[in-house]
Amino acid sequence: MADRIAAVTGANGGIGRETVHALLADGRQVAAFDLEIDSLDGLDAGSGQLLKRSVDVTDATAVEEAFAEVAKEIGAPDVLVNIAGTNRILGLLDTTEEIWDYLLDLNLKGTFLCCRAVVPHMRSRGGGRIINMSSIFGIRGEARQVAYSASKAGVVGLTRALATELAPDSITVNALAPVMTLTPRVAALPAEFQQLQLSRIPLGRYGSVADIVGTIVFLLSDVGAFYTGQTFSANGGDTMP
Ligand SMILES: NC(=O)c1ccc[n+]([C@@H]2O[C@H](COP(=O)([O-])OP(=O)(O)OC[C@H]3O[C@@H](n4cnc5c(N)ncnc54)[C@H](O)[C@@H]3O)[C@@H](O)[C@H]2O)c1
């Protein structure tokens, strides 16, 4: 199992927690990063090992230190799942510079910083797999999701660039672009916004966290080895490329 060490950001969130669960259940050692990681309690590490660290993914120094610490304590990660991120429902004229900077920093720069920090460790291992969280809004755009859509489209571009650059290192890089998925954060969004999203999904339901985690497990499995630079959109038919 020495080659199965995963770092997960946003590990205390709706999708992040279940991702940590799934990777531990698969016998991996997991480094769980979040702003408020101390509340990531009650997880049964099973045959895996869980290392929890409070890390702000927008802080370059903290990110570098966190990955160095993981490498020292449980070994160099061969998997990174970048999940930390959030959104705001705001139209163009209500999107302040502060909100723009906050969402671009968290969703895009945070993903970049974690990729940059993990790659030397993956190179030392002879390869790895990176999964970045985009969104359906990063593919088709969405009214009143101005900064969020821009940040998540940026994640797709970052993913494709890294997939090309890191292929010679046997590092694959893919993105996820889910449709609305009912985590506690999303369930608290205005009902009218949720209803609008649901009305666009041909399969007639929101995404589930299991839909997302299942895609992650697939991409980290043996049969996921030949996918890189792709954007996997669990979206019930909302958008068809
Ligand atoms: N839930 C959905 O409908 C949906 C759809 C598409 C994409 N996504 C994306 O999936 C990811 C997770 O969504 P979720 O619904 O589970 O959200 P969530 O709010 O439950 O989880 C996000 C986690 O990120 C953490 N975080 C925030 N800022 C951070 C920082 N600076 N450093 C480290 N961690 C930080 C939060 O503390 C939280 O635990 C996000 O990137 C989101 O944009 C979600």
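A polar contact is a pair of N or O atoms within 3.5 Å. Keep that cut-off in mind for the close-ups below, which all come from a predicted model.

**View 1. D34 and Y148 reach the ligand with their side chains.** Start with D34: one of its polar side-chain atoms lies 2.6 Å from an oxygen atom of the ligand. Now look for Y148, where a polar side-chain atom is also 2.6 Å from a ligand oxygen atom. The protein covers 89% of the 830 Å² of accessible area that the ligand has on its own.

**View 2. G13 meets the ligand through its backbone.** Here it's a backbone N or O atom of G13 that sits 3.2 Å from an oxygen atom of the ligand.

**View 3. The ligand sits in the largest pocket.** There are 26 residues around the ligand, and the ones that come nearest are D34, D56, Y148, T181 and T183. Three helices chip in too: α1 (14-25), α5 (146-166) and α6 (184-187) each give at least two residues to the shell around the ligand.

**View 4. N174 is tucked into strand β6.** This strand runs over residues 171-176. Is N174 buried or exposed? N174 counts as buried, because its relative accessibility is just 2%, and the cut-off for buried is under 20%.

**View 5. N174 has company from other parts of the sequence.** Leaving out residues up to four places away in sequence, N174 touches I130, I131, N132, T159, L219, Y227, T228, G229, Q230 and F232. Zoom in on G229: its backbone nitrogen lies 3.3 Å from a polar atom of the N174 side chain.

Notes. Residues are numbered from 1 along each chain as its sequence is written. This is a predicted model: local features need pLDDT of at least 70, side-chain atom pairs count only at pLDDT 80 or more; totals for chains, interfaces and linings use all residues. Side-chain values use heavy atoms; hydrogens and water are left out. Helices (H or I, at least four residues) and strands (E, at least two) are DSSP runs, numbered from the N terminus. Buried means under 20% relative accessible area, exposed over 50%, partly exposed in between (1.4 Å probe, protein chains only). A polar contact is a pair of N or O atoms within 3.5 Å; within protein, one must be able to donate a hydrogen and the other to accept it, and residues adjacent in sequence count only if both atoms are side-chain atoms. Contact means heavy atoms within 4.5 Å. A residue is near a molecule or strand if one of its heavy atoms lies within 4 Å of it. Accessible areas come from the Shrake-Rupley method with a 1.4 Å probe; for residues, only the protein chains shown count as cover. On a 1 Å grid over the protein atoms alone, a cavity is a set of points where a 1.4 Å probe fits but cannot get out, and a pocket is an open set with protein on both sides within 12 Å along at least five of seven lines; lining residues have an atom within 4 Å of a point. A molecule sits in a cavity or pocket if more than half of its atoms lie within 2 Å of its grid points.
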